[in-house]
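Work through the exercises below with the structure open beside you. Try each task before reading its solution.

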Amino acid sequence: MMKKWSKVVATSLVTVLAVGALAGCGSLSGDKKAKTTDKGDTPTLLMYQIGDKPKNYDQLMEIANKRIEDKIGAKVNIQYIGWGDYEQKMSVIVSSGENYDIALAKNYVTNAQKGAYADLTKLLPEKAEAAYKMLDESYIKGNTIDGKMYAFPVNANIFSQQMLTFNKKFVDKYNLDISKVKTYADVEPLLETIKEKEPKVMPIAVGQGFRAEAGFDFALGNGLPFGVDLNGDTKKIINPFEEKGMMTAYQTLHDFYKAGYIAKDASTSNTEYPLDSSTWLTRQETQGPFDYGDTILTQAAGQELVSKAISVPLKTTQAAQMASFVVSSGSKNIDKSVEFLGLLNSDPELLNGLVLGVEGEA
């Protein structure tokens with residue numbers, strides 16, 4: 001029987017929804033593009049999400065859409081783009097002016113300044129009042145650009161830190177000591193053991209979009225070279241790639257690459273290392289208070305995972321924008337899109353169904 005979750009847990013799991021509990025890792029679903037309106041007066045909102053389409057998608061969405069239509073007079077069609085392809089394909093969609101309603105934001109600041117996203121400053125407190133009131137002020141501040149809000153941020157971890165997460169199966173099997181892990185360099189002997197003992201297991205799961213952690217807050221996102229050194233002058237923005245700590249981290253990762261601890265085609269390959277698989281020893285994950293340590297990761301993986309921090313807990317702009325949903329400035333259903341985001345982030349029954357699946361089914 002599908003486990004019933006409390007409202008508190010349901011709220012915290014909206015983070016999982018944002019980054020893939022609706023979807024595992026994978027590629028574009030291949031669905032035909034949906035029209036943004038049904039026959040009649042009920043609009044259907046086209047939403048782009050990251051990950052794979054669930055196997056029971058039709059049943060799941062039928063149940064969800066009954067509730068959505070009852071609550072706000074709209075329906076939602078979710079189309080999926082794989083983890084490795086999402087940023088590039090959304091960039092094409094945004095730059096081409098293709099019609100859509102809602103998407104998980106990528107390159108949020110740049111696209112917002114280009115006018116790609118609708119200004120939601122007045123709409124959020126009006127059309128998504130309940131969910132908006134739940135937002136921690138940090139999320140509002142972190143998603144405000146020149147005094148305006150262009151996204152609905154997921155209200156989850158108020159602060160976060162980067163972790164190296166380990167598959168405990170291998171930690172126990174080879175008696176690996178992770179107690180002193182604080183940097184990338186500290187895991188080298190563990191990676192060496194796995195490469196020797198488990199040749200089919202990737203020692204460290206690294207793929208497209210991976211960014212090294214070296215104690216920086218990236219003011220405009222980690223795709224641009226503007227950061228604050230958390231171990232230095234926190235009032236000064238510098239180029240992290242001219243700083244010794246950052247370059248040391250990348251040199252260590254390059255050494256891992258040369259040693260075969262990282263896949264040779266990591267920068268271009270769409271190969272995934274699913275959380276619930278035994279294809280990897282360690283991976284980089286972001287955690288915060290809503291994750292209850294490794295609890296959420298372990299539940300999502302269906303196997304025990306253990307993590308060690310490689311950064312300090314911190315409230316950052318990057319963390320505030322980690323899971324922000326935007327509405328296209330070209331959408332013909334801007335108000336309804338905001339209403340849906342408000343409903344999604346305040347209705348435990350709807351959220352539980354989308355995150356946990358159809359009750360009573362595995």
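pLDDT is the predictor's confidence in each residue, on a scale from 0 to 100. It applies here since this is a predicted model.

**Exercise 1. Confidence**

Find the mean pLDDT of the chain, and locate the stretch where the pLDDT is below 50.

Solution.
- Step 1: the chain averages a pLDDT of 84. A value of 70 or more is reached by 87% of its residues.
- Step 2: residues 1–38 fall below 50. In the model, this stretch still has 106 contacts beyond near neighbours in sequence.

**Exercise 2. The five-stranded sheet**

Give the strand order of the open sheet of five strands, and identify its edges.

Solution.
- Step 1: the order reads β2-β1-β3-β14-β6, and the pairing is mixed.
- Step 2: β2 and β6 (151–153) each have a single partner strand, so one side of each lacks a neighbour in the sheet. These two strands stand at the edges.
- Step 3: from one strand to the next, the twist averages 20 degrees.
- Step 4: take the pairs in turn. β1 and β2 (residues 75–81) run parallel and are joined by seven bridges. β1 and β3 are also parallel, with two bridges. β3 and β14 (residues 324–327) run antiparallel, with three bridges.
- Step 5: check the register. Y48 has Q79 in β2 as its bridge partner. M47 faces I102 in β3. A103 stands opposite V326 in β14.
- Step 6: look for a helix across the sheet. Helix α14 (residues 334–344) lies across β1, β2, β3, β6 and β14. Its direction makes an angle of about 160 degrees with β14.

**Exercise 3. Strand β1**

Is strand β1 enclosed or open to the outside, and how does the chain get from β1 to β2?

Solution.
- Step 1: apply the cut-off for buried, which is under 20% relative accessible area. Seven of the seven residues of β1 (residues 44–50) are buried, so the strand is largely enclosed by the rest of the structure.
- Step 2: split the strand by face. T44, L46, Y48 and I50 are buried on one side. L45, M47 and Q49 are buried on the other. Both faces are therefore covered.
- Step 3: follow the chain onward. From β1 the path goes through helix α3 (residues 57–72) to β2. This β-α-β crossover is right-handed.

**Exercise 4. The three-stranded sheet**

Describe the order and pairing of the open sheet of three strands.

Solution.
- Step 1: the order is β9-β10-β11, paired antiparallel.
- Step 2: β9 (216–218) and β11 (237–238) each have a single partner strand, so they stand at the edges with one side left without a neighbour in the sheet.
- Step 3: three bridges link β9 to β10 (residues 227–229). Within this pairing, D217 has V228 in β10 as its partner.

**Exercise 5. Salt bridges**

How many salt bridges are there, and which parts does the pair K148 and D119 tie together?

Solution.
- Step 1: the rule is a side-chain nitrogen of Lys or Arg within 4 Å of a carboxyl oxygen of Asp or Glu. The count is eleven.
- Step 2: K148 and D119 form one of them, at 4.0 Å from N to O. K148 lies in strand β5 (residues 148–149), while D119 sits in the loop between α5 (108–113) and α6 (123–127), so the pair ties together parts 29 residues apart in sequence.
- Step 3: compare accessibility. K148 is partly exposed at 37%, and D119 is partly exposed at 34%.
- Step 4: turn to E285 and R283, whose closest N and O atoms are 2.8 Å apart. E285 is buried at 18%, and R283 is buried at 13%.
- Step 5: look for a network. Salt bridges link R67, D347 and E349.

**Exercise 6. Positive phi**

N107 and N175 have a positive phi; where are they found, and are they buried or exposed?

Solution.
- Step 1: N107 is not a glycine, yet its phi is about 55 degrees. N107 is found in the loop between β3 (102–104) and α5. At 42% relative accessibility, N107 is partly exposed.
- Step 2: N175 is not a glycine either, and its phi is about 50 degrees. N175 is found in the loop between α9 (168–173) and α10 (188–197). With a relative accessible area of 71%, N175 is exposed.

Notes: Residues numbered from 1 in each chain as written. Predicted model: local features only at pLDDT ≥ 70, side-chain atom pairs only at ≥ 80, totals over all residues. Heavy atoms only, no water. Helix = DSSP H or I, 4+ residues; strand = E, 2+ residues; numbered from the N terminus. Buried < 20%, exposed > 50% of the residue type's maximum accessible area, 1.4 Å probe, protein only. Pairing = 2+ DSSP bridges. Right-handed = clockwise from strand over helix to strand, strands pointing away. Contact = heavy atoms within 4.5 Å. Axes fitted to C-alpha atoms, helices over the stretch in contact; angles between N-to-C directions.
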